[in-house]
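Colleague: Take me through this one, please. Keep it brisk.

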Amino acid sequence: MNEQKILDGLKDNDPAILREAAFSAGDTHLEDAVPLLVRLLNSENLGVQEAAEYALRRIRGPEVVNDLLPLLRSDEAPIRNISMDILREIGKDSIEPLKELLLDNDPDLRIFAADILGSTASIEAMTALGNTLLRDPEVNVRYQAAMSLGSLGFPEAASVLNQALNDEEWVQFSIIEALTKIRSESSIMALVKAMDKSSDL
């Protein structure tokens, strides 16, 4: 199937043709198909939706990341979940727009961005998440930032996690979990000092 036939197939109404075109777009890494594939994630046909998801994971790259980000604002939870799942896999292809999302007015979007950045294996993401942990006004965003720092696992994150140990109890839980994953010696004294200020729980 040549490129034009794939693009035409992605505009068809027949689910069988849409599926075939989507798989072909993924197998040929057809970047021109990305906007059409993102649109197909909204398809009511699960087979078409799965084929579009497959293709986007195969094509990946900054354009896919950028085109998926608006779907995080969707009112449809399944669409948001699919988008987040793909972005967890390919988000490292374009870190900057994810970092910008950490500054969004919507705390839910900031939580989504922090979650995705935790899967990027990026030092750049670690720095952005550290700033979010120390400065974001929403407790649930700070919680997710700490969890994602633990997922990244960089020892360099221990210092910012230590600084945040005086946060609310809900955030403290996530910080302690992150520190146990990182296993930094510098955190031992910080944890001991925090015990005097923490609740029995």
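Modeller: One term first. A crossing is left-handed if the near helix is turned anticlockwise from the far one by less than a right angle, and right-handed if clockwise. This is a predicted model: local features need pLDDT of at least 70, side-chain atom pairs count only at pLDDT 80 or more, and totals for chains, interfaces and linings use all residues. Residues are numbered from 1 along each chain as its sequence is written, and side-chain values use heavy atoms, without hydrogens or water.

Colleague: How many helices does the chain have?

Modeller: Helices (H or I, at least four residues) and strands (E, at least two) are DSSP runs, numbered from the N terminus. From that end on, every element in the run is an α. Strands number zero, and the count of helices is 13.

Colleague: What share of the residues counts as buried?

Modeller: The C-alpha atoms fill a box of roughly 65 × 30 × 25 Å along the principal axes. Buried means under 20% relative accessible area, exposed over 50%, partly exposed in between (1.4 Å probe, protein chains only). Of the 201 residues, the buried share is 50%.

Colleague: What share of the contacts with a separation of 6 or more joins residues 24 or more positions apart?

Modeller: Contact means heavy atoms within 4.5 Å. Counting contacts with a separation of 6 or more, the share from residues 24 or more positions apart is 64%.

Colleague: Which residues have the most contacts inside the largest nonpolar core?

Modeller: Such a core is a set of buried Ala, Val, Leu, Ile, Met, Phe, Trp, Tyr and Cys residues joined through side-chain atoms within 4.5 Å. The largest one has 64 residues. Setting aside neighbours within four places in sequence, L37 touches L10, A22, A25, A52, A55, L56 and I59. The residues with the most contacts inside the core are L10, L37, L68 and L161.

Colleague: Now the helix packing. Why does α9 count as roughly antiparallel to α10?

Modeller: Axes are lines fitted to C-alpha atoms, for helices over the stretch in contact, and angles run from 0 to 180 degrees between N-to-C directions. Under 35 degrees is roughly parallel, over 145 roughly antiparallel, 65 to 115 roughly perpendicular, and the rest oblique. α9 (residues 123-135) and α10 have axes 8 Å apart. α9 is roughly antiparallel to α10 because they pack at an angle of about 150°.

Colleague: What is the handedness of the crossing of α9 and α10?

Modeller: A125, M126, L129, G130, T132 and L133 in α9 meet V141, R142, A145, A146, S148, L149 and L152 in α10. By class, this contact has nine nonpolar, three polar and one charged residues. As for the way α9 passes α10, the crossing is left-handed.

Colleague: How do the residues of the contact of α8 with α10 divide by class?

Modeller: α8 (residues 107-117) packs on α10 (residues 139-152) at about 5°, axes 8 Å apart, so the two are roughly parallel. P107, R110, I111, A114, D115 and L117 of α8 make the contact with N140, V141, Q144, A145, S148 and L152 of α10. Ala, Val, Leu, Ile, Met, Phe, Trp, Tyr, Cys and Pro count as nonpolar, Asp, Glu, Lys and Arg as charged, and the others, Gly among them, as polar. The division is seven nonpolar, three polar and two charged.

Colleague: How many nonpolar residues does the contact of α10 with α12 have?

Modeller: α10 and α12 (residues 169-182) pack at about 5°, with axes 8 Å apart. That makes the pair roughly parallel. In α10, V139, N140, R142, Y143, A146, M147, L149, G150 and S151 meet W170, V171, S174, I175, E177, A178, K181 and I182 in α12. Four polar and three charged residues take part, and the nonpolar count is 10.

Colleague: Is S83 buried or exposed?

Modeller: S83 sits in helix α6 (residues 77-90). Leaving aside neighbours within four places in sequence, S83 contacts L68, L71 and L72. Its relative accessibility is 0%, so S83 counts as buried.

Colleague: How far apart in space are I86 and R60?

Modeller: I86 also lies in α6, and I86 is buried, with a relative accessible area of 0%. Beyond four places in sequence, I86 contacts L41, E53, L56, R57 and L68. I86 and R60 are 26 residues apart in sequence; C-alpha to C-alpha, the distance is 9.0 Å.

Colleague: What is the phi of R60?

Modeller: R60 is in the loop between α4 (46-59) and α5 (62-68). At 25% relative accessibility, R60 counts as partly exposed. R60 is not a glycine, yet its phi is positive, near 45°.

Colleague: Which residue in the loop between α2 and α3 has a positive phi of about 55°?

Modeller: That loop joins α2 (15-27) and α3 (34-40). The residue is partly exposed, with a relative accessible area of 40%. It is not a glycine; it is H29.
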